[in-house]
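These are my notebook entries from a session with one model, written down in the order in which I looked things up.

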Amino acid sequence: MKLNTDQIKEWLDEVKDPEIPVLSLNDLGVITGIEILDKKVIVNMTPTFTGCPAMDVMKQDVSDSLQKRGIEDFEVNVSFETQWNSNMISEKGRKALKEFGLAPPPQHN
């Protein structure tokens, strides 16, 4: 199977935020990088805040999603290289928040 980052990103759409299950980690902006080196998949995640209690669950859910697709050589890294902010929530994510009954945070500069 020829892997590409778009395919992996699509797979990760099924991985939901454990605290707001209408949002995928992609829509929340927590997935901040996907790389493929040879046959190794590297997924970088940035927590919404330092000490986020759901990070271990999210890392495991990303791992499970990759393993379910037969990916055996992978890393899921938590990185603070990119600082998360609410502008990273996708339009789809903002709409899902609104439909869930939560006001999406306003865009800011």
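I began with Val22, which I looked up for its exposure: at a relative accessible area of 33%, Val22 is partly exposed. I placed Val22 in the loop between H1 and H2. I note here that I am working from a predicted model, and that its local features are taken up when pLDDT is at least 70. I then looked for what accompanies Val22 on the surface, and found that Val22, Phe100 and Leu102 form a nonpolar patch there, with about 230 Å² of accessible area together.

**Entry on helix H4**

I next went along H4 to see which of its residues are covered, and listed Gly93, Arg94, Ala96 and Leu97 as buried. Looking down the axis of H4, I find these buried residues within an arc of 160°, so they line one face of the helix. The buried residues of H4 pack against H2. Which exposed residues does the face of H4 turned away from its buried side carry? I wrote down Glu91, Lys92, Lys95, Lys98 and Glu99 for that face. I also checked what follows H4 and came to Gly101, whose phi is positive, near 100°.

**Entry on salt bridges**

I counted the salt bridges and the structure holds 5 of them. The side chains of Lys95 and Glu99 meet in one of these, at 3.7 Å from N to O, and both residues lie in helix H4, 4 residues apart, which is about one turn of the helix. I recorded both partners as exposed, Lys95 with a relative accessible area of 54% and Glu99 with 61%.

I then turned to Asp27 and Lys92, whose side chains meet in a salt bridge at 3.8 Å from N to O. This pair links distant parts of the chain, with Asp27 in helix H2 and Lys92 in helix H4, 65 residues apart. Are the two partners buried or exposed? Asp27 counts as buried because its relative accessibility is 8%, below the 20% cut-off, whereas Lys92 is exposed because its relative accessible area is 55%, above the 50% cut-off.

A further salt bridge is formed by the side chains of Arg69 and Glu14, at 3.0 Å from N to O. This pair too links distant parts of the chain, as Arg69 is in the loop between H3 and S3 and Glu14 is in the loop between H1 and H2, 55 residues apart. I noted that Arg69 counts as partly exposed at 24% relative accessibility, and that Glu14 counts as partly exposed at 36%.

**Entry on the nonpolar core**

I asked where the nonpolar residues gather, and found that the largest nonpolar core has 28 residues, with Met45, Val62 and Leu66 having the most contacts inside it. Each of the following supplies at least two residues of this core: helix H1 (5-12), helix H2 (25-28), strand S1 (31-37), strand S2 (40-45), helix H3 (55-68), strand S3 (74-78) and helix H4 (91-100). H3 gives the most to this core, with 4 residues. I set beside this the general remark that in soluble globular proteins nonpolar side chains tend to be buried together.

I followed Val62 through its contacts, leaving aside its neighbours within four places in sequence, and listed Leu12, Val15, Leu25, Ile31, Val43, Met45 and Val76.

**Entry on Ser86**

I looked up Ser86 in the loop between S3 and H4. Is Ser86 buried or exposed? I have Ser86 down as buried, because its relative accessible area of 12% is under the 20% cut-off. Once its neighbours within four places in sequence are left aside, Ser86 is in contact with Arg94, Pro105, Pro106 and His108. Of these, Arg94 already appears in my list of buried residues in H4.

**Entry on Gln60**

My last look was at Gln60, which lies in helix H3 and counts as partly exposed at 42% relative accessibility. I took the separation between the C-alpha atoms of Gln60 and Ile89, which are 29 residues apart along the chain, and the value is 21 Å.

Terms used
Residues are numbered from 1 along each chain as its sequence is written. This is a predicted model: local features need pLDDT of at least 70, side-chain atom pairs count only at pLDDT 80 or more; totals for chains, interfaces and linings use all residues. Side-chain values use heavy atoms; hydrogens and water are left out. A nonpolar core is a set of buried Ala, Val, Leu, Ile, Met, Phe, Trp, Tyr and Cys residues joined through side-chain atoms within 4.5 Å. Buried means under 20% relative accessible area, exposed over 50%, partly exposed in between (1.4 Å probe, protein chains only). Contact means heavy atoms within 4.5 Å. A salt bridge is a side-chain nitrogen of Lys or Arg within 4 Å of a carboxyl oxygen of Asp or Glu. Patches are made of residues with over 30% relative accessible area and no salt bridge: like charges are joined within 9 Å, nonpolar side chains (Val, Leu, Ile, Met, Phe, Trp, Tyr) within 5 Å. Accessible areas come from the Shrake-Rupley method with a 1.4 Å probe; for residues, only the protein chains shown count as cover. The arc is that of the directions from the helix axis to the C-beta atoms.
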